Amino acid sequence: MPKRIDEQALHQQYYAEIRDKVASDPYAKSLGIRLTKFEETLAEAELVVQDHMVNAYGTAHGAVIYALADHVMSVASNAHGKASVGLSTNAQFIQAAKPGDLLTARAIETKRNFRVGFYRVDVLRGDEIIATVDGVAYRKDQYFVETEEE
C-alpha cells in the first residue's frame, strides 16, 4: 500500500510554488482576475467588470462571473499540490453586475478525499452575493510538487 501523503504539510512546505502555479492561469490573467487570498482550504480572487464583459443588456455576462468562480475553485482544489480538474458545477446567478463593479469570488473546500473535492463558491459585489457555484473537482494521481513518493 502506498504511503499516505500529508497534504497539509505539502501545502505549507510548497506554499509559494503552489501559489505561483495556480496564480499563473493565462485565461484568468486575460480577464484581469487577481488572486487575493490563498489558503489550504480557501481561495479568493477579484475582477473589475469591464465594458467589453457585458451582454446585450449591459450587465456582466454570466460567463465572466462563472470564469471568476471557476478560477477560485481551481485554485482551492489545487492548493495541496495535487493536480485537480473540475468535474461538475451548478451555478446560480442571483443579481446582475455592471461595468466598474468589483467582484470578489471566495471558494471554500467543504470536503476532500483522495479522489474528489467539494467546493462552495460565493461571488460578491461588496457584501452582496450575486452568484453561487457548488462544484466537484476530480483529484488526479499526480502531484505537481515534489513528494516523497517520487
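**View 1. Pairing of strands S1 and S2 in the predicted model.** In this predicted model, strand S2 (residues 42-48) runs antiparallel to S1 and is joined to it by 4 bridges. Within this pairing, Lys37 has Glu44 of S2 as its bridge partner.

**View 2. The open sheet and helix H4.** The sheet is open and consists of 6 strands in the order S1-S2-S4-S5-S6-S3, with antiparallel pairing. Strands S1 (34-38) and S3 (82-93) each have a single partner strand and stand at the edges, so one side of each is left without a neighbour in the sheet. From one strand to the next, the twist averages 25°. Helix H4 (residues 62-77) lies across S1, S2, S3, S4 (102-112), S5 (116-125) and S6 (128-143), and runs at about 40° to S4.

**View 3. Salt bridges around Arg112.** Glu7, Glu109, Arg112 and Arg139 are linked in a network of salt bridges. Arg112 pairs with Glu7, their closest N and O atoms being 3.0 Å apart, and this contact links distant parts of the chain, since Arg112 belongs to strand S4 and Glu7 to helix H1 (residues 7-13), 105 residues apart. Arg112 also meets the side chain of Glu109 in a salt bridge (2.7 Å, N to O). Glu7 is buried, with a relative accessible area of 9%, and Glu109 is likewise buried at 11%, whereas Arg112 is partly exposed at 26%.

**View 4. The salt bridge between Arg115 and Asp141.** The side chains of Arg115 and Asp141 meet in a salt bridge of 2.7 Å, N to O. Arg115 lies in the loop between S4 and S5 and Asp141 in strand S6, so the pair ties together parts that are 26 residues apart in sequence. Arg115 is partly exposed, with a relative accessible area of 26%.

Methods: Residues numbered from 1 in each chain as written. Predicted model: local features only at pLDDT ≥ 70, side-chain atom pairs only at ≥ 80, totals over all residues. Heavy atoms only, no water. Pairing = 2+ DSSP bridges. Helix = DSSP H or I, 4+ residues; strand = E, 2+ residues; numbered from the N terminus. Axes fitted to C-alpha atoms, helices over the stretch in contact; angles between N-to-C directions. Contact = heavy atoms within 4.5 Å. Salt bridge = Lys/Arg side-chain N within 4 Å of Asp/Glu carboxyl O. Buried < 20%, exposed > 50% of the residue type's maximum accessible area, 1.4 Å probe, protein only.
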